[in-house]
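Subject: Structure handover

Hello,

Here is the structure we talked about. Please open it next to this email and follow along.

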Amino acid sequence: MLLLSGPNIAGNEWKYIKDCLNTGWVSSVGTYVDQFEKMTAAFTRTRFGVATSSGTTALHTCLVMLGVNSFDYVITSNITFIATCNSIRYTGAEPILIDTDPQTWQMDLDLLEEFLSKDTEQRNGVCHCKNDGRRIPVIMPVHVLGNMCDMERLMMLAQKHKLIVVEDSTEALGSYYNDKHAGSFGLLGTFSYNGNKIITTGGGGMIVTDDEQLAKRAKHLTTQAKSDSFEYVHDEIGYNYRLVNISAAMGVAQMELLHGFIIRKHEIITLYKSELEGVGDISFQKITPGVRPNWWLPTILTVKQKALLELLNSNRMQSRPFWVPMNQLKMFSGNKFYHKRNCSDYVYRHCLSIPCSTNITNSQIKSVCDKIKELY
Ligand SMILES: *Cc1c(COP(=O)(O)O)cnc(C)c1O
């Protein structure tokens, strides 16, 4: 089976994990955790990294730190992986869903601007919903597939309307907007190391920030909020959201490979484009001007989506549709979905992601392309 986006264990993973096993430092503390955090901060040019058990728990921790609660809304993208909206719901808050741009597949900033100016107002320096008076303290843009929206404009809108930005940059490790790394725009950014991401630790996540207090608080909250190094004194409700040293050891090894993985992802998309552009109605994600994406997950848009999904998967070439838009899931169908033409539905019905593990060979890519061409 040709995996959609599988792990590529090609460096010091065995060595570093063996080191954990040899020394007994396998669990919740160890030098690899510190090293992984420092490497991530350095790579993303942020001051601090705090490792977490997953991207989802990283997102949840950020919202908890900002005091988001059940009287609040959080603005996010209607097209995203469920983890974004789940992390919002864990706090009791409700997502406000903004439709997607049909070409870049990121949050449509024209719609966002319209929503903010028509339906919100500031009270005591915080954005509020005009209708019901609920707070909207946070906006959580999602860098869908490693592309980003016009971050300059998004940051300006957020500043104007007094929204704190938490980036769901879980798919965007290695993506830049105007040479600034994804996750370093907002007060807080997040990454995921699930098995299908550009690097993996088996499972894991990271919070990045330039704010020392928030970094300390994140470490505190994700380690059960223990406030004494000896006694079991805890000063608030904390979480067991830490990343274990074995996973971090793998993360350090994967970080050493990241640069090469990004180069390979660029080669993969270039090859796919040269083979498939002009075939039938196939088109690719349009990259926002100023963005240098990591091309995490090459995805094509075509009216033949259903037939292609069937053809590729039945030929052991793993291929996946886009996520069902949040407003179409029963948990969020009652939430505000701000849109004009429901582009989320269009993108959802026409997109499919194609095999792109960093260890895929060029001839395997060619065979995927040949299979796709068969259909047209
Ligand atoms: C992968 C991902 C996450 C986090 O996933 P985890 O499996 O919890 O690490 C969150 N949001 C998006 C958009 C993702 O793709």
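How far is a nitrogen atom of the ligand from an N or O atom in the side chain of T170? The distance is 3.1 Å. Keep in mind that this is a predicted model.

The ligand

Two further contacts involve oxygen atoms of the ligand. In one, an N or O atom in the side chain of T56 is 2.4 Å from a ligand oxygen. In the other, the partner is a backbone N or O atom of G55, and the distance is 2.8 Å. On its own, the ligand has 390 Å² of accessible area, and the protein covers 91% of that.

There are 16 residues around the ligand. Those that come nearest are G55, T56, E171, S192 and K197. By class, the shell holds 9 polar, 4 nonpolar and 3 charged residues. Two elements give two or more residues to this shell: α3, which spans 55-65, and α4, which spans 82-90. The largest share comes from α3, with 3 residues.

The largest pocket

Where does the ligand sit? The space it takes is the largest pocket. That pocket holds about 500 Å³ of space. Its lining has 30 residues. F81, N196, K197, W296 and W323 lie nearest the centre of the pocket. So K197 appears on two lists: it is among the residues that come nearest the ligand, and it is among those nearest the pocket centre.

Which elements supply at least two residues each to the lining of the largest pocket? They are α3, α4 and β15, the last at 320-321. Here too α3 gives the most, with 3 residues. The lining divides into 15 polar, 11 nonpolar and 4 charged residues.

The cavities

How many cavities of 30 Å³ or more does the structure hold? There are 3. The largest has a volume of about 60 Å³. It is lined by 13 residues, and G6, N8, K197, I198 and T358 are the closest to its centre. By class, that lining has 7 polar, 4 nonpolar and 2 charged residues.

The second largest cavity holds about 40 Å³ of space. Its lining consists of T170, E171, L173, S192, K197, I198, I199 and W296. Of these residues, 4 are nonpolar, 2 are polar and 2 are charged.

Some names to look up

- T170: its side chain has the contact with a ligand nitrogen at 3.1 Å, and T170 also lines the second largest cavity.
- E171 and S192: both come nearest the ligand, along with G55, T56 and K197, and both line the second largest cavity.
- I198: this residue is among the closest to the centre of the largest cavity, and it lines the second largest cavity.
- W296: this residue is among those nearest the centre of the largest pocket, and it lines the second largest cavity.

Best wishes

Key:
Residues are numbered from 1 along each chain as its sequence is written. This is a predicted model: local features need pLDDT of at least 70, side-chain atom pairs count only at pLDDT 80 or more; totals for chains, interfaces and linings use all residues. Side-chain values use heavy atoms; hydrogens and water are left out. A residue is near a molecule or strand if one of its heavy atoms lies within 4 Å of it. A polar contact is a pair of N or O atoms within 3.5 Å; within protein, one must be able to donate a hydrogen and the other to accept it, and residues adjacent in sequence count only if both atoms are side-chain atoms. Accessible areas come from the Shrake-Rupley method with a 1.4 Å probe; for residues, only the protein chains shown count as cover. On a 1 Å grid over the protein atoms alone, a cavity is a set of points where a 1.4 Å probe fits but cannot get out, and a pocket is an open set with protein on both sides within 12 Å along at least five of seven lines; lining residues have an atom within 4 Å of a point. A molecule sits in a cavity or pocket if more than half of its atoms lie within 2 Å of its grid points. Helices (H or I, at least four residues) and strands (E, at least two) are DSSP runs, numbered from the N terminus. Ala, Val, Leu, Ile, Met, Phe, Trp, Tyr, Cys and Pro count as nonpolar, Asp, Glu, Lys and Arg as charged, and the others, Gly among them, as polar. Grid points are joined across faces, edges and corners, and a volume is the space filled by probe spheres set on the points.
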